[in-house]
Structures are given as C-alpha cells and as structure tokens.
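Take a moment to look at the sequence and turn the structure around on your screen. We will start with the whole chain and then zoom in on a few of its parts.

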Amino acid sequence: SEKVENVASSVVDANDLNVRKPPGDVKLDQGVMDRYMALPQGTRVQAEYVWIGGTGLDLRCKTRTLEEKPGAVNDLPLWNYDGSSCGQAPGDDSEVMLRPVKIYPDPFRGGDNIIVLCETCLPTGEPIPSNTRAKARASFDAAPGLEPWFGIEQEYTLFDKDMVTPFGWPKDGEPGPQGPYYCSVGFENAYGRGVAEAHYRACMYSNIPISGINGEVMPGQWEYQVGPAVGINGADDLVMSRFLLQRVAEDLQVAVSLDPKPIPGDWNGAGCHTNFSTEKMRQEGGFKEIVEAVEKLGKRHKQHIEAYGEGNERRLTGLHETANMNTFKYGVADRGASIRIPRAAEAEQKGYFEDRRPSSNMDPYVVCGMIFDTTCVWDGK
Ligand code: ADP
Ligand code: MN
Ligand code: MN
Ligand code: MN
Ligand code: MN
C-alpha cells in the first residue's frame, strides 16, 4: 500500500473553476447525434463505471460493454484504471482496481444500460488511501441494527460558460441584493431552473431517493435533497446524484461549482446540511436520544469541522444563516446554530436533527461516517 499514495496535488485545482480556462465552442449538432443514438444496440448493455478521483471530489467514469444485463452488483466484473492520471498512484505502479458497489439505471443512455458506482482498491483488494467509503463502512459495521437514516441537502452554484460569472448574473456587476431569489419563481428571480429540473428527473429515473429541490438565497444557486436513505446508501446516492448533476450540466453547457463560498461578500455560501436519525430517535421518546447525540457532536466539534469540507472557513462566519466555525451551538428551529433540531421534533418528542456545518463540497462518506461514529459508536467519554 505504500506504493499507491495520494498524489492529489497535481489535480487538486481541477475543481476550482476560477483557475480553469473555459472550453471553446464544444456544442455539437443535437439533430445529427439523435440519429446515431436512435440506432438499436442489440442485446448488449453499456455499463458506465463511476469512481472518485484523487482530490476526493473529482468524479471519473469510463464505459464497458457487458454481454447481458447483470442481475446483481456481484455479477459485475472488477475493472481498473490509470491511477496516475487521477492523482492516486505513481506512474510506475499505476493500476487502481474498481470494485462495483451499486447499480443505477442510466438516465442518459436509457434502456437496460446502467451506471455502476465503484470503490477504489489496490490489486490486493485493500482500499487505497482516498477510498473514504471503506472507512465509513467500518463505522457503520461497528454498531449494526440502529437503522441510521441520512437526508442530505446538496446546495450548488451554476456558472456561465465563462466559468467566472454565476449563471444568469450580469457580466458587468452583481444582480440586486439577496431576498427575492430563495424558493423563487419568475424570469427576474430564478436563474437556471432547467438544470435543477432535468437533474431532478434524472435522479428519479436512476432510483435515487431525491426528495425535493428549491431555489437558493443567492441567485444561480440551487438545492436538492437526497434521502432519507439508510446507512452507507445515503452517501452512495449523494455521490451518484452529483455525478448526474455534472452530466446534466455538461449536456446543458452550464458549469457546476460545489465551492462553499463561490462569491465573496454579502452572498450566501453553499452547504450540505446533513439530517440524521436512528430508529430510537424516530420512536416515542426519541427526543432524549436526539439531545444526547447532539451533545456528543459538541464534544468533537473541532474534529468534525476539520473534516467537513475544504474552504468551509469562508462560509461558516456566523453570518448568512451559519454558526461561526469556532463555536458549537444547537437549538430548536435555529438556523444560526451548528445543529438545528426541527420544531416538529421538539413538538412530537421524536424525529431527527440537522447538522448544518458540512459544506457543499464535503465528502459524504466522511461526514455520514463521522456523524454515525460520534453519535452511535463512541461512548462520549
Ligand atoms: P430544511 O428545512 O433544512 O431546508 P429540507 O426539507 O431541505 O430541510 O431537507 C430535509 C431532509 O431531511 C430531506 O432530505 C428529508 O428527506 C430528510 N429527513 C426527513 N426525515 C428524516 C429523518 N427522520 N432522518 C433523517 N433525515 C430525514
Ligand atoms: Mn489509453
Ligand atoms: Mn433545505
Ligand atoms: Mn438550503
Ligand atoms: Mn437545511
């Protein structure tokens, strides 16, 4: 394992739109494309293997043909890729293994074609260092039977083709101040709804438990929610939903940023609120369980903050509906808290809590695994 280390620095900037030059004219003739895509593909099936590259955020994919539609994920072949091209392995020993973990219907190719979420491993089967899913699995396995549910609110910001201007913003300045854009409707308020709508439908087609969308406080910024989903599925489905978002935005020629504070100043940042409950929290008297869990989170605040996303310090300032990252604070219905307990959970004395700290670019395996570990595995001492 010493040979395959994380050499992510060479590709780390790939996620930062500001340092990238925008592509030239890449638009193809859709009418011509449709002719080819309408050709029958016979009985064989296309499987798009998807994995996470060396920055922990870059999603990578490549396709292979299967002779027939697989019945289950275990029927799928292992595969490999050039880890040195994803910042995950040195060139002289560059093969990283792809281990299929979950199958999703493919909304882009349709039919029996599939998208396959994969873990990244050494040829020995041992996870490579950037494989945070393996670590999350271990956390969940340490306390089985608790039926943990995750509901994740993914916020994201659309950018114009120039990759500098948020989508729909004037080229020579800023739109009017925040206020009318959140959950808005109308030409003057909602920029890029088509991306959110197309992505919503793609998620439904792929059996991702997407539970809603809304326009965000900053114009050009949107949110969707995934969940509730059980255990590791919550994180898996969020990763796949991000892949679908990137792919939809590619087709529509809009850039997606998961930066936690894409525009400095008096503009809201982008988060990834993570809602969590266990079976006990959802049952009669679960409120006590919720409060105990939240207090444990407070004891490990610093550790969680460090793992909750790159650049989150630009977002968690105490302004714009956030708690300052140096303080831990929880409260009922408090959107300026680190953790919010919904009013309904207090009223019904059961339900869930919302961790508002994770940033839009967080690693869901890290965040979900840590929330579970701190609240359900750790004794709090
Ligand atoms: P907010 O009011 O913070 O904007 P949202 O409606 O955007 O909340 O998101 C709430 C998320 O919490 C949804 O994904 C929802 O499915 C999820 N959720 C609902 N109940 C639970 C629960 N018991 N445990 C975990 N997640 C839940
Ligand atoms: Mn090649
Ligand atoms: Mn929300
Ligand atoms: Mn939001
Ligand atoms: Mn929220």
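The chain of this predicted model contains nine helices and 13 strands. Its radius of gyration is 21 Å, close to the 21 Å that the globule rule gives for 381 residues, so the chain is as compact as a globular protein of that length. Measured out along its principal axes, the C-alpha trace spans about 55 × 55 × 40 Å. Of the 381 residues, 42% are buried. If you take the contacts between residues at least 6 apart in sequence, 68% of them join residues at least 24 apart.

Now let us zoom in on one strand, β10, which covers residues 274-277. Which strands pair with β10? One of its partners is strand β6 (residues 149-159), which runs antiparallel to β10 and is joined to it over four bridges. Here glycine 151 sits opposite asparagine 275 of β10. Strand β13, made of residues 353-355, also pairs with β10 in the antiparallel sense, this time over three bridges. In that pairing, phenylalanine 276 has phenylalanine 353 of β13 as its bridge partner.

A strand also has two faces to think about. In a regular strand, side chains alternate between the two faces of the sheet. For β10, Thr274 and Phe276 lie on one side, while Asn275 and Ser277 lie on the other. Are these residues buried or exposed? All four are buried, which leaves both faces of the strand covered.

Next, let us visit the ligand. Ligand 1 is surrounded by 16 residues, and the closest are Gly151, Gln225, Asn275, Ser277 and Tyr352. You have already met Gly151 and Asn275, the pair that stand opposite each other between β6 and β10. Which strand gives the most to this shell? That is β6, with four residues. Strands β6, β8 (221-230) and β10 each supply at least two. Sorted by character, the shell has five nonpolar, eight polar and three charged residues.

Our last stop is a helix. Phenylalanine 372 belongs to helix α9, which spans residues 364-377. Why does phenylalanine 372 count as buried? The reason is that 25 C-beta neighbours lie inside 10 Å of it, and 20 or more are enough for a residue to be called buried. Leaving aside residues up to four places away in sequence, phenylalanine 372 touches Ser139, Phe140, Pro148 and Val377. Tyrosine 224, by comparison, is 148 residues from phenylalanine 372 in sequence, and their C-alpha atoms are 22 Å apart in space.

Note on methods: Residues numbered from 1 in each chain as written. Chains lettered and ligands numbered in written order. Predicted model: local features only at pLDDT ≥ 70, side-chain atom pairs only at ≥ 80, totals over all residues. Buried ≥ 20, exposed ≤ 12 C-beta atoms within 10 Å, placed from the backbone. Pairing = 2+ DSSP bridges. Contact = placed C-beta atoms within 7 Å. Near = placed C-beta within 6 Å. Nonpolar A, V, L, I, M, F, W, Y, C, P; charged D, E, K, R; others polar. Rg over C-alpha atoms; globule rule 2.2 N^0.38 Å.
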